Each structure stands twice: as structure tokens, then as C-alpha cells.
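Welcome, and thanks for taking a look at this protein with me. Could we walk through it together, starting inside and finishing at the surface?

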Amino acid sequence: MLLYLSLLLTSSLFVVQADGRVIWNRTELEANTDSYHHGIEPSWSQTNLTLDSEVCPGGYSPVGDKCLMFVTFITQPFGEAKQFCHAAKGELAAITTATNFKTLVDYIHANDFTSGDFWLDGTDEAEEGVWVTSSGEAMPLGTPFWAAFGANQQPDNANGKEHCLFIPSAWFFYMADNPCSAVKHFICEATMPTQKKATSAALAPVGPSVVGSRGNITCPILFVEVGGLCMMFVTWAEETWDEARQSCAGASSELLAITDVEVFRALYLYIHLEYLSGHAFWLGGSDLASEGTWVYTTGEPVPMGTPFWGLFEMSAPIQEPNGGTGQNCLAITSDGYYNFRDYSCNSKFNPLCVFTG
């Protein structure tokens with residue numbers, strides 16, 4: 001705490017960025033943002049990185065369509081972390097779309113922020129189970145955002161005291177709830193005067209992401225549009241992976257290949273909105289050709305890690321795939337909260353086909 005106070009008194013804060021540890025000047029940041037509040041256009045330094053023709057203020061780095069600051073030199077309770085972000089002319093980072101979530105996790109790994117836990121913007125303190133950001137925007141629940149194990153999915157409000165959102169490194173940076181009094185690192189999001197707001201994936205906690213049309217798509221009979229693709233949910237047959245492939249081929253289709261996280265979210269929402277959550281579905285991925293190298297039948301690589309593959313064993317978590325040579329085919333199941341998981345190819349699940357014409 002003494003170090004923290006001395007840093008504030010000298011008006012300098014140390015923040016880890018993509019290019020390593022840098023020092024940004026708090027006075028310069030405040031001067032620029034204060035000028036905006038007085039009706040003067042801020043003139044950010046030309047040395048700062050740009051974001052879709054916008055410029056992130058000092059101390060913030062462009063991450064997707066956001067300007068984020070990874071505060072790793074101190075840990076704070078949730079409330080104090082929020083206040084810190086306010087003082088830095090920002091707010092705790094609000095991650096409400098599947099794309100933003102994947103971009104954030106990818107950035108964390110690419111820039112070696114993998115050793116800590118981070119507060120994000122989101123609580124259900126006002127009403128248990130109703131997760132919202134500071135602006136009142138609904139936080140999305142379920143896959144692919146929240147950590148899912150074999151027995152449960154976060155948030156679980158353990159001991160009735162977990163009301164604040166964080167992403168723990170031990171749980172591969174999936175979202176989880178924790179007591180707001182816990183101390184953690186945190187991520188701030190700059191409040192930019194001209195920052196474009198991303199379209200939320202959570203108009204409601206289970207609201208639409210890309211369930212609706214991405215264009216004027218007309219699907220053949222028995223196929224429905226989900227995330228801009230024509231999918232057939234073969235709920236009337238349970239087959240092995242090979243049999244499922246053949247069934248799809250007979251309908252001018254293939255087992256579904258998911259490489260877009262928004263399609264993944266749309267699929268999860270559709271399954272629940274259409275009361276299909278009692279079913280397990282084969283996807284087109286396998287590592288049959290080479291153990292550990294997951295590819296779709298289309299030849300595309302299966303995306304690995306968070307936010308696609310689920311977790312196993314909450315007490316000592318590991319991430320799927322974890323079945324070795326005995327589990328070589330990809331499926332999404334209700335037991336696995338529809339995250340990617342590996343299963344024996346001889347298991348019998350419903351085919352999930354995508355129309356290829």
C-alpha cells in the first residue's frame with residue numbers, strides 16, 4: 001500500500017502492456033481527458049496505438065474494439081478496482097460479446113498475462129442471479145463465457161457470497177463469480193469520447209447473439225438458420241461419429257465445423273431456446289489422423305482452448321481435450337454445458353449437420 005501511495009503521489013503508474021513494462025504519466029492522461037470534459041477535443045500522443053481510427057489514451061492498449069489497461073502491479077477488492085479505473089478515466093472492462101471475450105483471452109495469452117486473476121465489470125449484488133455491468137447492460141450467461149465443469153457451470157454463488165465477476169487463470173480465464181472483497185488484479189476500459197460501442201451479445205442474459213439472419217438465407221426443409229448457417233439437428237437418431245458423418249452426407253451436408261465464436265454462441269442459445277438441451281450432438285472434429293491435432297472433416301483446424309473447450313475437475317482443473325487415444329471425436333453435450341469435449345468415436349450422439357448444397 002505504501003508503494004501504491006507513493007506511485008500516486010508521483011503521478012506515475014506502472015502498467016504492463018503488450019511490449020513489456022512501460023511507464024505512463026497520469027498527469028498527461030488526466031489533462032487530455034479533462035480537456036474533453038471542458039469541450040476541447042483531446043489530442044492523444046501520436047506514439048499511442050490506434051484502434052479503428054481512434055486512439056487509446058496513455059496507459060491503455062487496443063484490444064479488439066476496446067482500449068484496455070491491464071493493472072498487474074497491485075491487487076484490489078472489486079470496489080477499489082472500480083475506483084482505480086474511474087481515476088484512470090475508465091471503468092472495469094465490460095465483456096458482453098463472444099467476440100470480445102475471445103479477443104481478450106487471446107490477448108492475455110499473446111502478451112503473457114497468464115499468471116493472475118482479473119476483475120471484470122459485472123455483478124449481481126442488486127439482485128441475485130441477475131448479472132449486469134456498471135452501465136446496466138445485461139451480462140451474458142452460459143457458454144462460451146462462464147467456466148463449465150462436469151458437475152456445474154459458473155456462476156454458482158458458493159456460500160451465498162459471490163457477487164462479482166472475474167476471470168481466473170486457474171480456470172483458463174473463463175468467467176466466474178467471487179466474493180467482492182477478494183483482492184485481484186483488474187482490467188480497466190478507457191472511456192473514450194468517440195469510442196464505438198460494440199453490439200452486445202446479451203440483450204438479455206440469454207438474449208440473441210447471431211441467432212438471427214446474417215443475410216437473406218433460405219434453408220432447405222429440416223434445416224434451420226443458426227448464426228448464418230443452415231443446420232439440421234438430427235434429434236431422431238443416435239449414431240456413432242462415422243455413422244453421423246454418413247447421415248449428414250446423405251442430406252447434402254457435413255457434420256458442423258465451428259470456427260467462429262459467435263456461431264458457437266448462437267448455437268448454444270438456439271439449443272436452449274428450442275428445448276434441445278437434453279440432446280448431445282456430434283461435430284465434425286477429430287484427432288483420428290494425428291493424436292492431439294484436431295481438425296474438421298473440412299480440413300479446417302478445430303479452435304483450441306478458451307472459449308471453446310470445456311474444463312474438467314473444479315478442484316484441480318484441466319482443459320479438454322483430455323481423453324487421449326480413447327477419445328478422438330468432438331461433441332457438444334448437455335453434461336458438458338455444450339462446450340467442446342472429446343469422446344469415444346463409438347459413442348452414440350445426434351448428428352448436427354450443416355448444409356453444403
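What follows is a short tour of a cavity, some salt bridges and a surface patch. Please keep in mind that this is a predicted model.

Let's begin with the empty space inside. Rolling a probe the size of a water molecule over the atoms shows where empty space is left. Here the count comes to 1 cavity of 30 Å³ or more, and the largest cavity holds about 40 Å³ of space. To find the walls around this space, look for Val63, Gly64, Asp65, Lys66, Leu68, Ile95, Asn100, Thr103 and Leu104. Sorted by class, the lining has 4 nonpolar, 3 polar and 2 charged residues. Two elements, β6 (66-76) and α4 (98-110), each supply at least two of the lining residues. Of the elements, α4 gives the most, with 3 residues.

One of the lining residues, Lys66, leads us to the next topic. The model has 4 salt bridges, and in one of them the side chain of lysine 66 meets that of glutamate 189, at 3.0 Å from N to O. This pair ties together distant parts of the chain, since lysine 66 sits in strand β6 and glutamate 189 in strand β11, 123 residues apart. Are these two partners buried or exposed? Lysine 66 has a relative accessibility of 10%, so it counts as buried. Glutamate 189, at 9%, is therefore buried as well.

Another salt bridge joins lysine 82 to glutamate 91, with the closest N and O atoms 3.1 Å apart. Both of these residues are buried too.

Now turn to helix α4, where aspartate 106 and lysine 102 can be found. Their side chains meet in a salt bridge at 2.7 Å, N to O. How far apart are the two residues along the helix? They are 4 residues apart, which means that about one helical turn separates them. Aspartate 106 counts as partly exposed because its relative accessibility is 35%. Lysine 102 is also partly exposed, with a relative accessible area of 24%.

Our last stop is on the surface. Ile221, Leu222 and Trp236 form a nonpolar patch there, and together they have about 420 Å² of accessible area. To place one member of the patch, follow the chain to the loop between β11 (184-190) and β12 (224-226), where leucine 222 lies. Leucine 222 has a relative accessible area of 56%, so it counts as exposed. The strand before this loop, β11, is also the one that holds glutamate 189, the salt-bridge partner of lysine 66.

Notes
Residues numbered from 1 in each chain as written. Predicted model: local features only at pLDDT ≥ 70, side-chain atom pairs only at ≥ 80, totals over all residues. Heavy atoms only, no water. Patch = residues over 30% accessible without salt bridge, like charges linked within 9 Å, V, L, I, M, F, W, Y side chains within 5 Å. Areas by Shrake-Rupley, 256 points an atom, 1.4 Å probe, with all protein chains shown as cover. Buried < 20%, exposed > 50% of the residue type's maximum accessible area, 1.4 Å probe, protein only. 1 Å grid on protein atoms, 1.4 Å probe; cavity = no way out; pocket = protein on both sides within 12 Å on 5 of 7 lines; lining within 4 Å. Points joined across faces, edges and corners; volume = space filled by probe spheres on them. Nonpolar A, V, L, I, M, F, W, Y, C, P; charged D, E, K, R; others polar.
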